[in-house]
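Here are my notes on this one, jotted down as I went through it. Have the viewer open while you read.

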Amino acid sequence: MSSTPAAAVAIIRVSEPIDSFLLLRRTTNPHDPWSGHFSFPGGRCEPEDRHLLATCIRETHEETGICLSKELVQAELTAAYAGSRTDSRILVQPYLFQLQTRPKLKLDPREIQSYRWLDATMFQNRALHVKAEVLPDHYFPALPLDDYYLWGFTYRLISEVLAAEEIYN
């Protein structure tokens, strides 16, 4: 397995109107192992991408219409594997972007069915978290949202961002 990330995601955090993270709900697609899940904008590196940050910025714009730039990067997190419980395991480079306010979104319906802003305070309320059976006979820490759960890679990254913040505050 390669130790070079093959994909990148944008963790987009805004300050106003409340401290929150952008979550996308992936469109249902039988060829997508993350079909219907909550995710961050992002995707696989393409030959035209000069580097993974370029991948992240391109994919975010394609999926959401949001124009990011390297100046908005607050942190480059440690690359981590997504899809550990599927046959689609991939090393992903996460970037944390900090924006003042919520940007307007223009979703690509081929990839994204909806979005929501996750209140950081809500995520930090551990009483709202559950162990959910999101795969047959596999239980994961999760946060119930709408009609599904935030779990797995996306859940883990939000946990890491907020835990690191607690350490430095």
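**Notes on the model**

1. Cys67 first. Its relative accessibility comes out at 60%, so Cys67 counts as exposed. Keep in mind that this is a predicted model. The closest cysteine sulfur to that of Cys67 belongs to Cys56, 13 Å off, which is too far for a bond.

2. Cys56 sits at the other end of the scale: with 0% relative accessibility, Cys56 is classed as buried. From the sulfur of Cys56, the closest cysteine sulfur is the one in Cys45, and because those two are 11 Å apart, a bond is ruled out. A disulfide would need the sulfur atoms within 2.5 Å. The count for the structure is zero disulfides.

3. Cys56 brings us to H1, since Cys56 is among the buried residues of that helix. H1 covers residues 52–64, 13 residues in total, and spans 18 Å from first C-alpha to last, close to the 18 Å expected at 1.5 Å a residue. Is H1 mostly covered or mostly open? Mostly covered, with ten of its 13 residues buried. Besides Cys56, the buried set includes Leu52, Leu53 and Ala54, and also Arg58, Glu59 and Glu63. So don't expect a purely nonpolar list there: by the usual grouping Arg and Glu count as charged.

4. What do those buried residues pack against? Strands: E1 (7–16), E2 (20–26), E4 (42–44), E5 (73–76), E7 (90–101) and E8 (112–119). Right after H1 comes Gly65, with a positive phi near 80°.

5. Now the second largest pocket, which holds about 230 Å³ of space. Its lining consists of Arg13, Gln74, Ala75, Glu76, Leu77, Thr78, Leu96, Glu160, Val161, Ala164 and Glu165. Both E5 and helix H3 (152–168) put in at least two residues each, and H3 gives the most, with four. If you're thinking about chemistry, the lining splits into five nonpolar, two polar and four charged residues.

6. Leu96 deserves its own point, as one of the residues lining that pocket. Leu96 belongs to strand E7, and at 6% relative accessibility Leu96 counts as buried. Leaving out residues up to four places away in sequence, Leu96 touches Ile11, Arg13, Leu72, Val73, Gln74, Ala75, Leu77 and Val161. In the other direction, Leu96 and Thr121 are 25 residues apart along the chain, with 18 Å between their C-alpha atoms.

7. A few backbone details to look at. Most residues other than glycine have a negative phi, and most peptide bonds are trans. The bond from Glu16 to Pro17 is cis, with omega near 5°; Pro17 is in the loop between E1 and E2.

8. Two aspartates have positive phi. For Asp137 the value is near 65°, and Asp137 falls in the loop between E9 (130–135) and E10 (138–145). For Asp146 it is about 50°, with Asp146 in the loop between E10 and E11 (148–151). Are they buried or exposed? Asp137 has 68% relative accessibility, so Asp137 counts as exposed; Asp146, at 62%, counts as exposed too.

Terms used:
Residues numbered from 1 in each chain as written. Predicted model: local features only at pLDDT ≥ 70, side-chain atom pairs only at ≥ 80, totals over all residues. Heavy atoms only, no water. Expected span 1.5 Å × (residues − 1). Buried < 20%, exposed > 50% of the residue type's maximum accessible area, 1.4 Å probe, protein only. Contact = heavy atoms within 4.5 Å. 1 Å grid on protein atoms, 1.4 Å probe; cavity = no way out; pocket = protein on both sides within 12 Å on 5 of 7 lines; lining within 4 Å. Points joined across faces, edges and corners; volume = space filled by probe spheres on them.
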